[in-house]
Amino acid sequence: MIKNTVIIDTSASPTKIEFPSEFNVSVPFIDRHLDEGRREKIIIHSTSGEKITYGQLAKRVNQSGNVLKNIGLNPCDRILMVVKDSPEFFYLFWGAIKAGYVPVPLNTLFRSNDYAYIIEDSDCASVFYSPEFKIEVESALGQVSRSPDHSCLTEGVSGSFLEQLQSASLELDAAPATATDDCFWLYSSGTTGKPKGVVHSHRDMVVTSQHYGVDTLGVSEEDVCFSAAKLFFAYGLGNAMTFPLWSGASCILFPERPTPQSTFDVIKRFKPSIFFGVPTLYAAQLKELNSVSGTSSESPDLSSIRISVSAGEALPADILRRWKEHTKTDILDGIGSTEALHIFISNSPDDIRAGSSGRMVPGYDAKIVDENGKEVSQGEEGRLLIRGDSTCKYYWNNKQKTAETIVDGWLHTGDSYHQDEEGYYFYGGRSDDMMKVGGIWCSPFEIEARLVEHPKVLEAAVVGREDDSGLIKPEAHVVLNNSDEESESVSAELQEHCKSGLAPYKYPRWFHFPEELPKTATGKIQRYKLRMN
Ligand code: 3UK
């Protein structure tokens with residue numbers, strides 16, 4: 001029996017991927033490189049100065065698995081990770097998988113109430129967190145009715161994860177698993193603002209890394225990947241971790257906030273060949289590029305980049321055009337989701353249609369259906385369903401949502417799409433009220449709930465509105481208890497109130513103060529009417 005070895009047949013179209021009966025995904029992603037002569041090759045360039053080789057990574061993954069085993073966890077226990085983009089993210093994630101536990105990376109921009117909800121929902125056994133997120137995580141641990149048995153800072157204190165790693169054993173056998181066993185979870189925001197645990201299997205990272213990473217982007221050993229989207233997003237996890245690991249390439253880890261200036265600095269210093277961004281960042285970078293051109297300031301050196309990728313929300317055609325004008329390179333827009341793990345419809349280096357999400361990534365199927373589930377004719381708008389081997393198995397603890405979303409092996413994306421006669425797919429909006437802000441989910445209900453907590457607010461409705469670059473941002477329509485109070489200072493006060501209680505990207509950028517909100521006879525807010533104004 002061939003243990004843990006995947007067979008990839010690239011002569012087939014789409015590439016055929018065969019999994020052995022016994023399969024722990026840490027073996028091909030981590031241990032394989034030692035047999036393939038990459039022990040001395042750098043996998044991680046951290047902007048804090050660390051360089052980690054494939055050999056060091058394999059050792060630390062084993063040590064990490066042993067640290068976790070020493071805690072006395074049970075097989076398949078969930079380990080929450082509130083960890084910045086850093087080598088220890090890799091150690092924890094892969095150490096957990098190799099030792100037979102289930103890592104759950106979480107959005108590090110979340111607030112304590114989000115973490116408290118997830119600690120309870122996941123019924124986790126342990127929480128690991130970077131010192132940067134100590135206040136929110138420890139406050140969450142203090143709020144929950146049943147605390148996990150174990151929690152641990154990654155660094156900076158005695159007994160931290162990185163300290164324990166030093167003395168842990170270097171030997172670890174991969175826990176027995178199969179390709180379709182539960183492997184890791186990611187939390188994705190729901191319409192109510194309550195995140196859902198998306199459960200992925202061992203095979204899923206292989207499927208995305210091969211079909212999108214290798215077969216679409218052509219990631220190879222020579223590439224250096226830099227993702228502005230962090231590792232805790234499915235997008236960042238593929239971009240900066242699984243794609244480079246699968247192809248024997250390298251990645252750049254940047255734990256700070258991605259701004260135009262900070263990303264340009266990283267690109268200049270580390271010379272990535274592939275850059276992964278989101279439309280909001282490309283728009284901001286273009287603004288910066290425009291402001292330096294024609295002045296004496298130096299234009300940022302982006303010449304190392306062979307391809308840029310965009311996902312998270314639709315890339316306006318004008319951003320692609322202007323980016324190409326400035327950099328002479330393309331941006332490949334592609335649509336992915338946490339449930340599919342990565343991009344399943346995409347433009348590709350030799351096949352780009354501005355304003356479109358591109359065509360099917362090989363290995364995935366799609367259909368566009370009407371509200372009765374019947375396929376629409378070509379060119380007609382409908383609901384997008386997709387199928388492929390990287391889609392999640394189920395939502396944790398949420399049978400109803402699972403049944404609504406995964407039907408006969410097809411995943412309901414929640415997006416409206418149409419396809420033109422050449423096979424290009426065009427995004428037409430969401431079928432729910434959810435919006436993407438800077439590529440990150442934002443639920444209007446959650447922002448409204450925060451607004452009405454303010455003593456001056458009677459009721460509130462939040463909708464998405466396009467900014468100058470054609471990108472969606474939240475806009476609030478607020479009925480005040482005392483309508484005489486409407487003023488700039490109330491807007492500022494409400495904005496501050498949102499910033500302090502919600503993840504930072506969720507605050508409304510604009511405020512309106514109507515006398516009342518448009519509602520149906522049954523009292524439901526008619527958000528579409530607000531969107532039309
Ligand atoms: C929207 C897009 C138009 C769409 C993601 C790449 O965004 C990712 O995952 P999420 O679960 O959100 C999924 C939803 O986001 N969307 C994403 N990309 C596009 N809409 N054009 C696009 N290019 O509504 C989709 O259903 O946060 C993106 C890779 C992995 C990912 N998880």
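The questions and answers below concern a predicted model of a protein with a ligand.

User: Which residues come nearest to the ligand?
Analyst: The shell around the ligand has 22 residues. They divide into 10 nonpolar, 7 polar and 5 charged. Those that come nearest are D333, G334, T338, D415 and K436.

User: Which strand gives the most to the shell around the ligand?
Analyst: Four elements each supply at least two residues of this shell. They are helix 8 (234-247), strand 15 (331-336), strand 22 (410-419) and strand 23 (425-430). The one that gives the most, with 4 residues, is strand 15.

User: How much of the ligand does the protein bury?
Analyst: Polar atoms of the protein lie around the ligand at several points. A polar side-chain atom of D415 is 2.5 Å from a ligand oxygen, and one of W441 is 3.4 Å from a ligand oxygen. A backbone N or O atom of G334 is 2.8 Å from a ligand nitrogen. Taken alone the ligand exposes 610 Å², and the share of that buried by the protein is 96%.

User: Which helix gives the most to the largest nonpolar core?
Analyst: The largest nonpolar core holds 105 residues. The residues with the most contacts inside this core are F90, F93, W94, M205 and L245. The helix that gives the most, with 9 residues, is helix 3 (residues 87-99).

User: How many residues does the second, separate core have?
Analyst: Start with M205, one of the residues with the most contacts inside the largest core. Beyond four places in sequence, M205 touches V25, F29, F93, W94, I97, C183, F184, T242 and L341. The second core is separate and includes V199, A476, Y505 and F513. Its residue count is 43.

User: Why is helix 4 described as largely enclosed, and how many of its residues are buried?
Analyst: Helix 4 covers residues 112-122. The buried residues are S112, D114, Y115, A116, I118, I119, D121 and S122. They pack against strand 5 (78-82), strand 7 (126-129), helix 5 (134-143), strand 9 (182-188) and helix 13 (444-452). Helix 4 is largely enclosed by the rest of the structure because its buried count, out of 11, is 8.

User: Which residue just after helix 4 takes a positive phi?
Analyst: Most residues other than glycine have a negative phi. Just after helix 4, one residue has a phi of about 50°. That residue is D123.

User: Which backbone oxygen does the side chain of N24 reach?
Analyst: N24 sits in the loop between strand 2 (16-18) and helix 1 (26-35). Its relative accessible area is 2%, so N24 is buried. Leaving aside neighbours within four places in sequence, N24 is in contact with N4, I97, K98, A174, A175, A177 and H202. At 3.0 Å, the side chain of N24 reaches the backbone oxygen of A175.

User: What distance separates the C-alpha atoms of P316 and L471?
Analyst: P316 lies in the loop between strand 14 (307-310) and helix 11 (317-327). Apart from neighbours within four places in sequence, P316 is in contact with P279, S469, G470 and L471. P316 and L471 are 155 residues apart along the chain. Their C-alpha separation is 7.9 Å.

User: Is S86 buried or exposed?
Analyst: S86 lies in the loop between strand 5 and helix 3. Its side chain reaches the backbone oxygen of K84 at 2.9 Å. Leaving aside neighbours within four places in sequence, S86 is in contact with L231 and L253. With a relative accessible area of 4%, under the 20% cut-off, S86 is buried.

User: Which residues does the cis peptide bond with omega of about -5° join?
Analyst: Most peptide bonds are trans. This one is cis. One partner, P14, is in the loop between strand 1 (7-9) and strand 2. The bond joins S13 and P14.

User: What is the relative accessible area of K328?
Analyst: K328 is in the loop between helix 11 and strand 15. Phi of K328 is positive, near 65°. K328 is exposed, and its relative accessible area is 64%.

User: Is L341 buried or exposed?
Analyst: L341 is in the loop between strand 15 and strand 16 (343-346). Its phi is positive too, near 75°. The relative accessible area of L341 is 3%, so L341 is buried.

Key:
Residues are numbered from 1 along each chain as its sequence is written. This is a predicted model: local features need pLDDT of at least 70, side-chain atom pairs count only at pLDDT 80 or more; totals for chains, interfaces and linings use all residues. Side-chain values use heavy atoms; hydrogens and water are left out. A residue is near a molecule or strand if one of its heavy atoms lies within 4 Å of it. A polar contact is a pair of N or O atoms within 3.5 Å; within protein, one must be able to donate a hydrogen and the other to accept it, and residues adjacent in sequence count only if both atoms are side-chain atoms. Accessible areas come from the Shrake-Rupley method with a 1.4 Å probe; for residues, only the protein chains shown count as cover. Ala, Val, Leu, Ile, Met, Phe, Trp, Tyr, Cys and Pro count as nonpolar, Asp, Glu, Lys and Arg as charged, and the others, Gly among them, as polar. A nonpolar core is a set of buried Ala, Val, Leu, Ile, Met, Phe, Trp, Tyr and Cys residues joined through side-chain atoms within 4.5 Å. Buried means under 20% relative accessible area, exposed over 50%, partly exposed in between (1.4 Å probe, protein chains only). Contact means heavy atoms within 4.5 Å.
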